[in-house]
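Work through the exercises below with the model open. Try each task before reading its solution.

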Amino acid sequence: MDFKDLKLIPCLLKALESQQYTQPTPIQQQAIPAVLQHKDLLACAQTGTGKTAAFALPLIQLLYQQKEAGEGSDNIKILILTPTRELAIQIDESFKNYGAYSGLKHLAVYGGVSQYHQVKHLRQGIDILIATPGRLLDLVMQRYISLQQIKIFVLDEADRMLDMGFITDVQKIVRKLPVKRQTLFFSATMPPEIVRLSQSMLDNPVKIEITPVSSAAETVEQAVYLVEKSDKRSLLIHLLKNNEIESALIFTQTKFGADKLCYALRKENIKVKAIHGNKSQAERQKALSEFKNKNIRVLVATDIAARGIDIESLSHVINFELPNVPETYVHRIGRTGRAGASGKAISFCGMEEKMLLRDIHKLIAQPIPVINNHPYQMADAGLSLPPKPLMYNRSRGGRRNKIFMQS
Ligand code: AMP
């Protein structure tokens with residue numbers, strides 16, 4: 001199948017050619033026809049599957065055709081709600097690329113920066129608005145934005161909205177939208193709250209499930225180093241001496257941990273920057289573009305800051321600390337090996353993290369090969385992993401709680 005088979009209009013085909021996309025990804029093959037037929041959509045898919053183009057392309061087409069038919073106005077007609085400013089900027093960039101020949105006006109509004117320029121742009125008239133919940137509500141309250149004319153609403157990364165505590169804001173926003181609208185709902189996972197939220201918002205949706213969360217685990221080459229917490233930094237410096245690591249995105253659990261690691265690496269003359277919630281928007285964007293342009297070799301990030309960032313040809317993802325939620329492991333390693341490129345994921349696992357490693361093994365349904373011949377080998381690295389939990393139950397948030405037998 002190619003993009004022409006999806007009945008996309010010439011201005012989109014031209015843009016796709018400049019992007020050098022030859023074939024639609026599976027989510028694009030399924031979502032584009034449904035959206036063009038004005039259907040609601042419930043898509044279970046994560047970043048890396050081509051989901052942004054799966055909604056952006058048909059939305060541009062619908063709006064372009066409306067304008068051609070003389071039905072245009074200066075009101076916002078499409079709203080895309082996304083949890084982080086990085087994602088908002090990235091989606092805006094996608095609309096810029098895919099809509100390059102459409103003449104449609106789009107804007108991203110997000111917090112952490114002055115609203116001055118955003119308001120100035122809004123006043124010029126916008127067709128497509130990409131927003132994070134907090135800033136959107138602020139601008140709606142100040143009457144800079146009206147959601148009355150929204151024809152199509154996209155909720156992106158609904159599960160992350162839940163994790164970040166934005167669900168009430170999302171519900172507030174949905175209540176301000178016209179009841180009669182088309183809604184596209186995207187989520188990487190479907191815990192019960194998200195299923196309920198989707199049911200409250202969608203009308204007879206087309207359902208698409210693209211990648212089970214374990215898929216990145218099948219394409220990315222993975223390895224784990226068993227190493228004491230106190231030796232992790234030395235092991236990392238040792239590994240970074242290998243030139244095979246052209247670029248590395250390193251995950252830490254905390255902002256403080258990211259800064260500390262950055263400081264230590266810099267002392268070793270490694271070109272590195274950190275992105276996390278305490279960094280200003282300008283600092284984050286600068287670090288990201290320096291990393292993309294290969295001016296720095298290492299980017300240290302926390303999960304929220306790194307969510308959705310798209311870096312082509314990233315050679316390595318390194319989990320300096322394992323995540324508490326196993327799905328996050330798959331999201332993290334999915335930053336490398338994108339669009340068929342080869343990528344490697346290295347994880348450091350300390351003694352106190354072995355349970356987390358077991359949860360990850362369980363989720364991805366495969367053990368990650370353990371590298372034994374390294375200079376910072378854990379004293380009891382040969383010992384087996386901790387006992388398997390006997391069963392799991394699911395709490396309200398869909399998280400798994402382990403239940404162990406009392407001895
Ligand atoms: P997303 O899932 O939207 O974050 O997209 C992941 C990456 O895939 C982005 O770098 C897109 O530019 C790229 N991409 C999206 N669709 C295609 C396609 N049909 N062919 C090649 N690359 C694509």
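**Exercise 1. Sort the shell around the ligand into nonpolar, polar and charged residues.**

Solution. This is a predicted model. The shell divides into three nonpolar, eight polar and three charged residues. In total, 14 residues surround the ligand. The closest are Tyr-21, Gly-48, Gly-50, Thr-52 and Asp-310.

**Exercise 2. Find polar atoms of Tyr-21, Thr-52 and Lys-51 that approach ligand oxygen atoms, and state how much of the ligand is buried.**

Solution. Apply the cut-off: a polar contact is a pair of N or O atoms within 3.5 Å.

- Start with Tyr-21. An N or O atom of its side chain is 2.4 Å from an oxygen atom of the ligand.
- Go on to Thr-52. Its side chain places a polar atom 2.6 Å from a ligand oxygen.
- Turn to Lys-51. Here a backbone polar atom is 3.2 Å from an oxygen atom of the ligand.
- Now take the area. The ligand alone exposes 490 Å², and the protein buries 83% of that.

**Exercise 3. Classify the packing of helices H6 and H8 by angle and handedness.**

Solution. H6 covers residues 133-141 and H8 covers residues 167-176. Their axes come within 10 Å and cross at roughly 40°. Angles under 35 degrees count as roughly parallel, and 65 to 115 as roughly perpendicular. H6 and H8 are therefore oblique to each other. Their crossing is left-handed.

**Exercise 4. Do the same for helices H11 and H12.**

Solution. H11 spans residues 232-240, and H12 spans residues 255-267. The axes lie 11 Å apart, at an angle of about 50°. This pair is therefore oblique. The crossing of H11 and H12 is right-handed.

Terms used:
Residues are numbered from 1 along each chain as its sequence is written. This is a predicted model: local features need pLDDT of at least 70, side-chain atom pairs count only at pLDDT 80 or more; totals for chains, interfaces and linings use all residues. Side-chain values use heavy atoms; hydrogens and water are left out. A residue is near a molecule or strand if one of its heavy atoms lies within 4 Å of it. A polar contact is a pair of N or O atoms within 3.5 Å; within protein, one must be able to donate a hydrogen and the other to accept it, and residues adjacent in sequence count only if both atoms are side-chain atoms. Accessible areas come from the Shrake-Rupley method with a 1.4 Å probe; for residues, only the protein chains shown count as cover. Ala, Val, Leu, Ile, Met, Phe, Trp, Tyr, Cys and Pro count as nonpolar, Asp, Glu, Lys and Arg as charged, and the others, Gly among them, as polar. Axes are lines fitted to C-alpha atoms, for helices over the stretch in contact, and angles run from 0 to 180 degrees between N-to-C directions. Helices (H or I, at least four residues) and strands (E, at least two) are DSSP runs, numbered from the N terminus. Angles under 35 degrees count as roughly parallel, over 145 as roughly antiparallel, 65 to 115 as roughly perpendicular and the rest as oblique. A crossing is left-handed if the near helix is turned anticlockwise from the far one by less than a right angle, and right-handed if clockwise.
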